[in-house]
Amino acid sequence: MCKSNLGAIEKKKNPLRTKTQAKNRLQWAKIHQDWTVEDWKRVIWTDETKINRFNSDGRVWAWIRDGEALQPKHVKMTVKHGGGNIKLWSAISWVGTGWMCKIDGNMDKTLYKDILQDELEKSIAVMMEKLDIKRNQVILQHDNDPKHTAKIIKEYLSQQEYQVLQWPAQSPDLNPIENMWSLLKRRLNELDSPPKGMLDLFERVSHVWYEIIKENECQKVIESMRNRIKAVIKAKEYWTKY
């Protein structure tokens, strides 16, 4: 391997795309390649995620001195199936993290509509005020999950003044909120002790999401949209580093 200048890399997990999905994704990237940061500022990015009570996703590092025995602070504790988890919906925008909703059970189209009418509206209101923009300048991003494309959701969104961003299938690497979910989980992993229970976990998640994660961290990932799109165009049917 060394003689051939080859090395080993860890295989990344990436979504499987059909030829049609890859073609549509490339077309979407070409349509949006000239969007500026000012354009992306008007987008509110939304998604759901799952947070495990123990062993949240992401690698965690700790300092240890030579010869020092392992201490609790050096160990990332795990339990089978993560010790339970909570499901969340939220949003980010140029002005920071949006309102969060804890999902009990499974998300369906009815609950999703309730979220659009409540948490999303509150997030949009803050975004409009801080950016000093009108409602018809706001652009909603969400993916093509069946509950997002259900008839009652399409009908509701068609009645709203804000725009809905057409989104390519199987493209989590294009959504900056994915980076913020990862950041949230890393920050949770940095805490010295595990949560006492699910209520404690949600309180920690809320504290990190609302109080610890800063506007500039959201802005940094949103600013990367032009580079993400360039990467899609360069990769064509393949995957990007994002």
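**View 1. Contacts of L120 in the predicted model.** In this predicted model, L120 touches I44, T46, W89, I115, L140 and Y162, leaving aside residues up to four places away in sequence. L120 lies in helix α3, which spans residues 109-131. Is L120 buried or exposed? Its relative accessibility is 0%, so L120 counts as buried. Look also for S90. L120 and S90 are 30 residues apart in sequence. In space, their C-alpha atoms are 7.9 Å apart.

**View 2. Helix α3 packed with helix α4.** Helix α4 covers residues 151-158. The axes of α3 and α4 are 9 Å apart, and the angle between the two helices is about 25°. Angles under 35 degrees count as roughly parallel, so α3 is roughly parallel to α4. The crossing of α3 with α4 is right-handed. Which residues meet here? From α3 come K109, T110, Y112, K113, L116, Q117 and E121. From α4 come I152, I153, Y156 and L157. By class, this contact has six nonpolar, two polar and three charged residues.

**View 3. Helix α5 crossing helix α7.** Helix α5 runs over residues 177-189, and helix α7 over residues 215-223. Their axes come within 10 Å and cross at roughly 140°. That angle makes α5 oblique to α7. The crossing of α5 and α7 is right-handed. On the α5 side, N179, M180, L183 and R187 make the contact. On the α7 side, the contact is made by E217, C218 and V221. The residues of this α5 and α7 contact divide into four nonpolar, one polar and two charged.

**View 4. The two sides of helix α8.** Helix α8 covers residues 225-235. Which of its residues are buried? They are M225, R228, I229, V232 and A235. These buried residues cover an arc of only 130° around the axis, which puts them on the same side of α8. On the other side of α8, K230 and K234 are exposed. What covers the buried residues of α8? The cover includes α1 (19-32), α2 (37-40), β1 (43-52), α5 and α7. Just after α8 comes K236. The phi of K236 is positive, near 60°.

**View 5. Helix α1 packed with helix α8.** One of the elements that cover the buried residues of α8 is α1. The two helices, α1 and α8, pack at an angle of about 135°, and their axes are 9 Å apart. Helices α1 and α8 are therefore oblique to each other. The crossing of α1 and α8 is left-handed. In α1, look for R25, L26, W28, A29, K30 and H32. In α8, these meet M225, I229, V232 and I233. The residues of this α1 and α8 contact divide into seven nonpolar, one polar and two charged.

**View 6. The whole chain, for orientation.** How many helices and strands does the protein chain have? The chain has eight helices and six strands. From the N terminus on, the elements run α-α-β-β-β-β-α-β-α-β-α-α-α-α. The chain has 242 residues, and 41% of them count as buried. Now take the contacts with a separation of 6 or more. Residues 24 or more positions apart account for 77% of these contacts.

Note on methods
Residues are numbered from 1 along each chain as its sequence is written. This is a predicted model: local features need pLDDT of at least 70, side-chain atom pairs count only at pLDDT 80 or more; totals for chains, interfaces and linings use all residues. Side-chain values use heavy atoms; hydrogens and water are left out. Axes are lines fitted to C-alpha atoms, for helices over the stretch in contact, and angles run from 0 to 180 degrees between N-to-C directions. Helices (H or I, at least four residues) and strands (E, at least two) are DSSP runs, numbered from the N terminus. Angles under 35 degrees count as roughly parallel, over 145 as roughly antiparallel, 65 to 115 as roughly perpendicular and the rest as oblique. A crossing is left-handed if the near helix is turned anticlockwise from the far one by less than a right angle, and right-handed if clockwise. Contact means heavy atoms within 4.5 Å. Ala, Val, Leu, Ile, Met, Phe, Trp, Tyr, Cys and Pro count as nonpolar, Asp, Glu, Lys and Arg as charged, and the others, Gly among them, as polar. Buried means under 20% relative accessible area, exposed over 50%, partly exposed in between (1.4 Å probe, protein chains only). The arc is that of the directions from the helix axis to the C-beta atoms.
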